[in-house]
Amino acid sequence: MTTAQLPTFADAPLSAEAQALVTGPAEHPLHPDHTPTGQLSFGVFFQGVNSSTIWRLPESGDQVAWESFESLVRTAERGRFAAFFLGEGLRLREHRGVPFELDVAGRPDAQTLLAALAAVTDTIGLVATQNTTYNDPVDLARRFQTLDLLSGGRAGWNVVTTDNAWTGENFRRGGYLDHADRYVHAEAFVRIAQQLWRGEQIDHDGAHYSVRAQGDLPRSPQGEPVLFQAGASPAGQDFAARTADVVFSPHGTLEAAVEFRRSIVERTVAAGRDAADVKILPGAEVVLAATEKEADEKVRWVRDLQIGPEQAIALLEQYWGRDLSDFDPDGPLPDVPPEVSESGVTRGAGFQFAKAEELTRAWREEAAEKGQSILEFARGKAGSRRGTFTGSYDAVADRLVEFARLGAIDGLNITPWLIPSGLDDIVDHLIPRLQERGVYPSEYAGSTLRENLGLPPL
Amino acid sequence: MSTTTTTATTATTGPTSTAGTTGTGTTGRTGPTGSAGSASTQADTAGAQDGPVRTLPVLAVDLVADPALLAPLAELARGLEDSGIGALTLSDGGLHPIHAASYLAPITRSVALLPRTDAVYVEPFHLATQLMSLDHISHGRAGWLLTAETDPAVPATVGRSTLGFEATAREAADVLEASRLVWDSWAEDAVVRDNERGVYVDASRLQYADFEGETFSVRGPAITPRSPQGLIPVLVADTDRGAVGERVATELADGRVLDLDLSTGARPETVLDLVETALAATDGPVVRLVRLVGLDLEADPLGTVAELSAALRERGLIAPVPQNGASLRDQLGLPLPTFTLDPARRGDHARLSSKDHA
């Protein structure tokens, strides 16, 4: 493909699927308060735990070694990624009372690692997931401000909350927070951090803590760290609309992404902010190949490696609350009722509140309807959680162009399924196609995370 | 280990906790039952000169992690590394000392990195995780210069009131013990990547921390795999000895840091004599680090350090320049502690007991 013969993607007709979602004129196709930029930014989400990362291949790298992180971040910077994003979980996942053995587990502290990556990178943003429930706001705010200063204005904070007392067993206050209070608490926490970053004096007596402090560090080149948030629930979306700069909950289909954009725009405007103040970079898994057929095969191969028979049984055991090791992974879902009372289910974000009775019945029906075995069902569930983009390089590029033109998303927060080489084909094959199509930057827009996400200056 | 007169630099007979140490019983916790050769956490104290080989202290320079230091920080650290020192300590000047140390890890090769940071008004689990992460990132060059915060403004930032001297000392000891239990919660080979069984991490090679202190508890295991040094060396500077209390300074920590304040304008000969006298002392904790504080960054800091390190080395008062890739334990002559499983805390305990009942 040479530049002279490039089709003008901006003027190419939208697909029927995309056209059906348009409700306004070209400049506001989805919502009167929202103008698409037509541009995408990518983040890389190094999960470090869970089944998304394949550990079984010869090329599966060390999950803790510095070299793995350094290699991945260099690839990301070569691909002009806006952000390098680290997850966090404050207690080792357990399954039936024992540390979960089947998935990748154990990772370095996010901010400590990012402080080191700041020294060997120039431009990429450095985003740490940090919990508002089990941190002290002044300490956490200072650590973020340190990272922001060390990196010359590239720090970001993915704000998460936890309410379970099980995680609290690692911390001074234990499980002190009610589920319903978690966003109220998180918002108060973020406000304290922002006051500190702005050099203000804090004299806070709230429901959960009393804090006296004085912000005394200088502002970084981007002013203060960029705030990320994943909450997909209405309360989470409202929290993001009031507080966050970037939302990254996964939405794999165009329709779901469009619906989410409208919801976030409405809530952002209702919160008194400009619709452009909140960017949407859904969490995504990307599986690419030269042709559609190869990509289909590859995504099946990836799923097989992510979810083995043992993990499939373990997934069901989380919800059934009982030993299912006698069931055949290639057979139908267990026809036994869950044992709701048994303690020691696998713990981790999102798992705690499943209503076992209801859910297991629904799953049995769903699998029977689709004619799926335990293994097929588990692999399907894992895929649907991940917002997977799969296909040939060209097909995925074209699809992302539609997302960008509609303004459904502002980019993706990509979880590589292989460490450290999992970004290679994205950087080598997808990004050049997005650049040719004019929806992805060829050079960094600036030196701060805020600039590279296209966020308005503070 | 109930004695404070362990000899030599190989105090490997102590289990991870102070189980067996007299007069520590505030926790009521059953300590690990590791045998000799388990994780060494006890300080070897007086009488070190009587032992077989006496490892000389490592020369360190203290940098205050101040925002004003940001611009020259990387170049200064590299320059100091080339001036013959073995360690950098990072003191709190506004920037978080652990992050400042971590920032320096990938751009230095041989110097140990020891943040000087509070053990009291902190979340012990976070602190332990951050320090073991620094150890991973620096390939085993991490240390902890343990201090106990005395500034009354600090407890107010975490909604606590200022602890008295005794309570501060007890809390610092608890946080140190809890940290070591977290550090020692994964075996070296816990990540097995067993394709046949589909097992990534072997729960029987993990153990819970199960620390119950006076004011907090930590369940564990660590959310980070075991770090290269296993247990990160913990040292107490002379400046901090009063605040942290004698138990941490003399029994629990791995040794003492002799502080030499260069801002007083002392002549090099005086400095050398001070070091010689301190090393000759036969009581108190072993001097592990000789730390230059108050270095004037405006007046040829690298030249000053190079001159002092050469003179100290010529008099045989400090350890040789570290090799690239040496861990802090290597530099200090501390043996690498090995994981010793405490059956009562092992990770798969729940599975074993359910099988027993089945």
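In the predicted model described here, Phe84(A) makes contact, beyond its neighbours within four places in sequence, with Val44(A), Val73(A), Ala76(A), Leu117(A), Ile124(A), Gly125(A), Leu126(A) and Val127(A). Phe84(A) belongs to strand E2 of chain A, which covers residues 83–86. Because 26 other C-beta atoms lie within 10 Å, Phe84(A) is buried. Leu72(A) stands 12 residues from Phe84(A) in sequence, and the two C-alpha atoms are 9.0 Å apart in space.

The surroundings of Phe84(A) may be set against chain A as a whole. Its secondary structure amounts to 15 helices and 14 strands. Chain A has a radius of gyration of 22 Å, and the globule rule gives 23 Å for 458 residues; the two values are close, so chain A is as compact as a globular protein of that length. Along the principal axes, its C-alpha atoms fill a box of roughly 65 × 60 × 45 Å. Of the 458 residues of chain A, 53% are classed as buried. Among the contacts in chain A with a separation of 6 or more, 76% join residues that are 24 or more positions apart.

Strand E6 of chain A, residues 155–160, gives an example of a covered element, since 6 of its 6 residues are buried. In a regular strand, side chains alternate between the two faces of the sheet. In E6(A), Ala155(A), Trp157(A) and Val159(A) point one way, while Gly156(A), Asn158(A) and Val160(A) point the other way. The residues of both sets are all buried. Strands of a sheet pair through backbone hydrogen bonds, in either a parallel or an antiparallel manner. The pairing of E6(A) with strand E5 of chain A, residues 125–131, is parallel and extends over 6 bridges. Within this arrangement, Val160(A) in E6(A) has Asn131(A) opposite.

In chain B, 7 strands close into a barrel, in the order E1-E2-E3-E4-E9-E10-E11, with parallel pairing. From one strand to the next, the twist averages 35 degrees. One of the pairs joins strand E2 of chain B, residues 87–92, to strand E3 of chain B, residues 112–118, in the parallel sense over 4 bridges. Leu114(B) in E3(B) is the bridge partner of Thr89(B).

Several backbone features occur in loops. The peptide bond from Ile419(A) to Pro420(A) is cis, and its omega is near 5 degrees. Pro420(A) is placed in the loop that runs between strand E14 (411–414) and helix H14 (424–436) of chain A. In chain B, the peptide bond from Gly220(B) to Pro221(B) is also cis, with omega near -10 degrees. The loop holding Pro221(B) lies between strand E8 (217–218) and strand E9 (234–237) of chain B.

A positive phi is found at Asn50(A), about 80 degrees, although this residue is not a glycine. Asn50(A) sits in the loop between strand E1 (41–46) and helix H2 (66–78) of chain A. Asn50(A) counts as partly exposed because it has 19 C-beta neighbours inside 10 Å. His139(B), likewise not a glycine, has a positive phi of about 55 degrees. The loop between helix H3 (124–137) and strand E4 (144–147) of chain B contains His139(B). With 20 other C-beta atoms within 10 Å, His139(B) is buried, because a residue is placed in that class at 20 or more.

According to an unreviewed UniProt entry, the feature "binding site" is assigned to Thr129(A), His179(A), Tyr183(A) and Ser233(A). Of these, His179(A) occupies the loop between helix H5 (165–168) and helix H6 (182–197) of chain A. His179(A) has 11 C-beta neighbours inside 10 Å and therefore counts as exposed. Ser233(A) lies in the loop between strand E9 (226–229) and helix H7 (234–243) of chain A. Ser233(A) is exposed because 10 other C-beta atoms lie within 10 Å.

Finally, the contact between the chains takes 52 residues from chain A and 46 residues from chain B. On the side of chain A that touches chain B, at least two residues each come from strand E4 (98–99), helix H3 (110–120), helix H4 (137–150) and strand E8 (210–214) of chain A. The residues of this side comprise 27 nonpolar, 10 polar and 15 charged ones.

Technical notes
Residues numbered from 1 in each chain as written. Chains lettered and ligands numbered in written order. Predicted model: local features only at pLDDT ≥ 70, side-chain atom pairs only at ≥ 80, totals over all residues. Pairing = 2+ DSSP bridges. Axes fitted to C-alpha atoms, helices over the stretch in contact; angles between N-to-C directions. Buried ≥ 20, exposed ≤ 12 C-beta atoms within 10 Å, placed from the backbone. UniProt positions renumbered as here; feature names shortened; annotations may be inferred. Contact = placed C-beta atoms within 7 Å. Nonpolar A, V, L, I, M, F, W, Y, C, P; charged D, E, K, R; others polar. Rg over C-alpha atoms; globule rule 2.2 N^0.38 Å.
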